[in-house]
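Subject: Handover of a structure and the findings on it

Dear colleague,

Please find below the structure that I am handing over to you. I would ask you to keep it open while you read the notes that follow.

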Amino acid sequence: MRKGVNHTDVKNTNRGIILQLIASGRDYSRAAIASKIHLSKMTVTNIVNELIEERYVCESQIEENTNIGRNPVQLDIAPDAPKVIGIYLSRDAVHCILTEITGKILYHQFTSLCEETANSLTQKIIKLIQDAASVTTDTILGIGVSSIGPLDAEKGVILKPTNFFHISDYSIKAILEDCFQMPVFVNNDMNASALAEKLFGMCMDTKNFVYLGISNGIGSGIISDGKLFQNKSGFVGEIGHMGIYYDGALCSCGRRGCLEAYINMPVILEKLRLASNNPALTCSDFVTVAKQESCHAVFQDMAEKLSYAIINACNMMDPQIIILGHEGYYLPDSYIEYIQQEVNAKILAASHKYISIRKSSFAMKTPIIGSACCLLNEFFAGNFFTSNHPKSSR
Ligand SMILES: [Zn+2]
């Protein structure tokens, strides 16, 4: 059954939509917002005036133009608007950021993980959040968490990640809400990265796209019709376990022939280290070693297998853009062009459309910025609103 909508929901939704536009940094005036979202100028003006009163929004400098009269007043996020804390939990470190509502990072700290228990992990996360909160006197909207999966995003529980100190069923949402008494929203790092691209990256105007992250495994975050495509199980977008050989190599999931069994990043690094005779080779050496014939073969094989899986994914999901991220960001441009050509020659819709294959907007920072986006996506959707009291009443 669909839920009814009350007056507060409508108001929060409109506030969220307007704040998202202003936070996108694309110089919106009240009139431009009204035109973009099909609300009356009066409604937009009333909401914007409230947001100015709440110090979420400020008017940027008015430029006089004597020829055409006064330019419309552009709106910005106010300098003392509420801030957001983001936690990115990877297998070997916890990153913590403090950001503007615009996604701009004001502070970034991280701590390494080694032989952790659930309790020691909690202590590290809490310390990072306390340190980040101490650098601002502004209101904090809440905490967004981007984490390795699988996880239950609705309950905010990290289920049972592989190679993660045997920590399982870790209720990070409940732990942080209890400790900090503010909203906490959790998602896996692929979905969080897709949200970063949607809110502040190259896909602000793209309704259908896939963020495909290549790391220890291969996963994806899918934006369909402008919204994150997910369900409660936490197992959506597992492109790494798409079969590319009916009877191929054994995968960590127990099946044979999964994409991930061939081209996860540790496997690629191992092959390249052998091919280049450089045991210390890292992802940042990719562009240099791609010029060597022996390494070219490794990259070419990777690009062919990746293309095959992406074509399958495109035929299923019909995206406009595929974004390669996590360590996939380091794949040399010539192979990304090869994948783009292969995909566009072989997808079912080849004669109707062209799919761009791009590298993520924020390089290795995408899942980190994505942490704050897990919170901001809910805020912009109007799912909660936090009052930012006028300074005089503080
Ligand atoms: Zn598998």
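The structure holds 15 salt bridges, a salt bridge being a side-chain nitrogen of Lys or Arg within 4 Å of a carboxyl oxygen of Asp or Glu. Please note that this is a predicted model, in which local features need pLDDT of at least 70 and side-chain atom pairs count only at pLDDT 80 or more, whereas totals for chains, interfaces and linings use all residues. Residues are numbered from 1 along each chain as its sequence is written, and side-chain values use heavy atoms, with hydrogens and water left out.

Salt bridges

Side chains of opposite charge can pair when their charged atoms come close. One such pair is D205 with R26, whose closest N and O atoms are 2.8 Å apart. This salt bridge links distant parts of the chain, 179 residues apart: D205 belongs to the loop between α6 (189–199) and β13, and R26 to the loop between α1 (7–23) and β1 (28–29). Helices (H or I, at least four residues) and strands (E, at least two) are DSSP runs, numbered from the N terminus. D205 is exposed, at 53% relative accessible area, while R26 is partly exposed at 34%. In these terms, buried means under 20% relative accessible area, exposed means over 50%, and partly exposed lies in between (1.4 Å probe, protein chains only).

E116 and K124 form another salt bridge, with 2.6 Å between the closest N and O atoms. Here E116 is buried, at 7% relative accessibility, and K124 is partly exposed, at 26%.

A further salt bridge joins the side chains of K207 and D225 (3.6 Å, N to O). K207 lies in the loop between α6 and β13 and D225 in the loop between β14 and β15, so this pair ties together parts that are 18 residues apart in sequence. K207 is partly exposed, with 48%, and D225 is exposed, with 52%. In addition, K11, R15 and E50 are joined into one network by salt bridges that share partners.

The sheet

The loops around K207 and D225 lead to a sheet. Five strands form this open sheet in the order β15-β14-β13-β16-β17, with mixed pairing; two strands pair if DSSP finds at least two bridges between them. At the edges are β15 (227–228) and β17 (356–359), each of which pairs on one side only. Strand β13 (residues 209–214) runs antiparallel to strand β14 (residues 218–224), and the two pair over 6 bridges. V210 stands opposite I222 in β14.

The zinc site

Which residues hold the zinc ion? Its protein donors are H241 (ND1), C251 (SG), C253 (SG) and C258 (SG), at 2.1 to 2.4 Å. Donors are N, O and S atoms within 2.8 Å of the metal (3.2 Å for Na, K and Ca); water is not among the atoms, so sites may look incomplete. The angles between the 4 donor atoms run from 102 to 122°, which makes the arrangement tetrahedral; four donors count as tetrahedral if all angles lie between 85 and 135 degrees. Along the sequence, the donor residues follow the spacing H-x9-C-x1-C-x4-C. C251 is buried, at 6% relative accessibility, whereas C253 is partly exposed, at 42%.

Aromatic rings

Rings of Phe, Tyr and Trp (its six-membered ring) pair if their centres lie within 6.5 Å; planes under 30 degrees apart count as stacked, over 60 as edge-to-face and the rest as tilted. By this rule there are 11 aromatic pairs. One of them is the tilted pair of F164 and F165, at 5.3 Å centre to centre and 50° between the planes. F164 is buried, at 2%, and F165 is partly exposed, at 26%. The pair of F379 and F380 is also tilted, with centres 6.0 Å apart and planes at 50°. Both F379 and F380 are buried, and ring pairs link them with Y56, F185, F384 and F385 into a cluster.

Backbone

G149 and P150 are joined by a cis peptide bond, with omega about 0°. P150 is found in the loop between β9 (140–147) and β10 (151–152).

Yours faithfully,
The sender

How values were computed: Four donors count as tetrahedral if all angles lie between 85 and 135 degrees; four count as square planar and six as octahedral if opposite donors are over 155 degrees apart and all others between 65 and 115; anything else is irregular.
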